[in-house]
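Okay everyone, thanks for squeezing me in. Let me put the structure up and we'll walk through it together.

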Amino acid sequence: VPATTSGDGALEIIIKQTKSKRTSSGKFYSVKSFFMGFYNNLLGMVGFVARRRAAKKNFQERMERERMIEMKAMEKRKARLAAKAQEEGNGGGGGALAP
């Protein structure tokens with residue numbers, strides 16, 4: 001949009017007048033465009049199903065890794081608690097003097 005300023009500091013904006021052309025819906029929707037839209041939607045659904053299957057496999061693998069991590073964490077926790085219990089059983093409280 002071209003804009004100019006006049007000597008008195010006023011901003012003048014020049015807008016070209018346009019007229020939009022209207023298209024009737026009968027000309028816009030043809031039998032060919034209808035079938036092409038149907039075909040496009042069909043391809044989209046097929047692609048969605050294919051990607052969903054791949055994502056499901058990936059999700060199952062991630063969940064299996066999460067279970068393995070949880071098992072390792074539980075084993076470490078049990079080992080730590082067993083070591084602490086054994087230390088307490090051997091009188092390993094150590095630093096505090098009894099009155």
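I'll start with the overall picture and then go to a few residues.

So, first thing to say: this is a predicted model. The protein averages a pLDDT of 82, and 78% of the residues score at least 70. Where is the confidence lowest, and where is it highest? The low end is helix α1, residues 25–28, with a mean of 63. The high end is helix α2, residues 31–89, at 92. As a general caution, where pLDDT is low, the predicted coordinates should not be read in detail. The residues I'll pick out come later in the talk, so keep that in mind for now.

Now the layout. The secondary structure adds up to 2 helices and 2 strands. Reading from the N terminus, you get β-β-α-α.

How much of this protein counts as buried? Of its 99 residues, 0%. The exposed surface comes to about 10200 Å², with carbon and sulfur atoms supplying 59% of that.

On to the aromatics. There is 1 aromatic pair in the structure. It's Phe34 with Phe35: the ring centres sit 5.6 Å apart and the planes are at 75°, so we call the pair edge-to-face. The cut-off behind that name is a plane angle over 60 degrees. And is Phe34 buried or exposed? It's exposed, because its relative accessibility is 59%, and the bar for exposed is over 50%.

Next, the greasy bit on the outside. Phe38, Leu42, Met45 and Val46 together make a nonpolar surface patch of about 410 Å². Let me zoom in on one of them, Leu42, which lies in helix α2. Leu42 has a relative accessible area of 41%, so it goes down as partly exposed.

Last stop, Arg67. This one is also placed in helix α2. Its relative accessibility is 45%, so Arg67 is partly exposed as well. What does the Arg67 side chain reach? It gets to the backbone oxygen of Met63, at 2.8 Å.

So, to pull it together: we have a β-β-α-α protein, with its highest confidence in helix α2, 0% of residues counted as buried, and a nonpolar patch that includes Leu42 on the surface. That's me done, happy to go back to any of these residues on the screen.

Definitions and conventions:
Residues numbered from 1 in each chain as written. Predicted model: local features only at pLDDT ≥ 70, side-chain atom pairs only at ≥ 80, totals over all residues. Heavy atoms only, no water. Phe/Tyr/Trp six-rings, centres within 6.5 Å; stacked < 30°, edge-to-face > 60°. Buried < 20%, exposed > 50% of the residue type's maximum accessible area, 1.4 Å probe, protein only. pLDDT = per-residue confidence, 0-100. Helix = DSSP H or I, 4+ residues; strand = E, 2+ residues; numbered from the N terminus. Patch = residues over 30% accessible without salt bridge, like charges linked within 9 Å, V, L, I, M, F, W, Y side chains within 5 Å. Areas by Shrake-Rupley, 256 points an atom, 1.4 Å probe, with all protein chains shown as cover. Salt bridge = Lys/Arg side-chain N within 4 Å of Asp/Glu carboxyl O. Polar contact = N/O pair within 3.5 Å; in protein donor to acceptor, adjacent residues only side chain to side chain.
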